[in-house]
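Let's walk through this structure together, from its overall layout to its core and then to its ligand.

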Amino acid sequence: MADLHDRWVAERRNEHYYKLAKKLNYRSRASFKLIQIDDRFGIFRPGDSVVDLGACPGGWCQVAQERTWPNGHVIGVDLRYIRPMEGVETIIGDITEDSTMRELLNRFNGKADVILSDMAPNIAGHYSTDHARSIHLCTFAIDVCDRILKKDGKLVMKVFMGDMFDTLMAELEKRFQSVKVHSPDASRPTSSEVYVISQGFYGKSVKLKNVNETDKKPEFKAKGGFI
Ligand SMILES: C[S@@+](CC[C@H](N)C(=O)[O-])C[C@H]1O[C@@H](n2cnc3c(N)ncnc32)[C@H](O)[C@@H]1O
């Protein structure tokens with residue numbers, strides 16, 4: 001009975017954010033997750049440079065663009081085509097591929113203040129598989145931080161919970177002064193996703209390979225060694 005009630009509440013909430021997104025011209029319900037995260041943690045400042053990983057259809061890019069206005073610089077990266085939007089650059093590619101990473105580094109002339117990752121793997125529906133794939137994507141988001149995030153920069157990253165979560169947190173804690181786990185109201189209550197808000201990047205502490213080398217790999221292995 002409780003389960004049915006929880007599902008009913010979740011569906012009402014989804015419908016609420018879906019309608020609100022339509023009304024306010026956001027491309028996805030996910031926009032509200034980032035709005036709520038920014039309202040609570042103060043992620044964006046006017047003029048910030050932002051990289052949004054897993055950006056399609058562009059809901060987070062819209063929020064980043066609005067909240068870094070007037071001089072912000074936003075680049076969205078996704079496997080899928082992102083319909084053009086004013087004031088946002090896009091890269092279509094897989095961030096786990098060297099060519100995409102190189103294009104991001106070439107196009108991103110300078111350093112980022114904020115890295116966002118709402119990347120999600122194709123859902124297998126199997127808890128530990130989805131978790132492992134999510135962690136795999138997170139390692140690449142961290143690799144992007146190691147390459148282009150400014151000292152004191154921020155990372156907002158989606159993770160599907162599971163047994164490798166603590167290892168991921170340990171990697172984040174090596175790099176950031178503050179690492180917090182948060183579940184915004186706009187997240188589905190039934191979902192295993194959480195957002196990790198990392199602030200105060202210490203700067204490059206990891207020895208990086210030359211970005212022009214084709215053999216780009218994250219500089220750490222998550223527990224389980226699937227990278
Ligand atoms: C939940 S959606 C993002 C929604 C987006 N934040 C928004 O507000 O519109 C997750 C996205 O991650 C992308 N993605 C998954 N793996 C990726 C990868 N290896 N490289 C780039 N994008 C990836 C998917 O194509 C998908 O569009």
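The paragraphs below take the fold, the core and the ligand shell in turn.

A word on the model first: it is predicted, with local features needing pLDDT of at least 70 and side-chain atom pairs counting only at pLDDT 80 or more, while totals for chains, interfaces and linings use all residues. Residues are numbered from 1 along each chain as its sequence is written.

The protein has 6 helices and 7 strands, taken as DSSP runs numbered from the N terminus (helices: H or I, at least four residues; strands: E, at least two). Starting at the N terminus, their order is α-α-β-α-β-β-α-β-α-β-α-β-β. Two residues are in contact if their C-beta atoms, placed from the backbone, lie within 7 Å. Of the contacts between residues at least 6 apart in sequence, 66% join residues at least 24 apart.

Of the 227 residues, 41% are buried, meaning that 20 or more other C-beta atoms lie within 10 Å of the residue's own. In soluble globular proteins, nonpolar side chains tend to be buried together. Here the largest nonpolar core (buried Ala, Val, Leu, Ile, Met, Phe, Trp, Tyr and Cys residues joined through C-beta atoms within 7 Å) has 56 residues, and V51, L53, I115, L116 and A141 have the most contacts inside it. Helix α5 (residues 127–148) gives the most to this core, with 9 residues. Beyond its neighbours within four places in sequence, A141 is in contact with L53, I115, S117, M119, L155 and M157.

Now look at the ligand. It is surrounded by 22 residues, each with its backbone-placed C-beta atom within 6 Å of the molecule; S28, A30, G54, G59 and D118 are the closest. Both α3 (59–67) and β2 (73–78) supply at least two residues of this shell.

Note on methods:
Buried ≥ 20, exposed ≤ 12 C-beta atoms within 10 Å, placed from the backbone.
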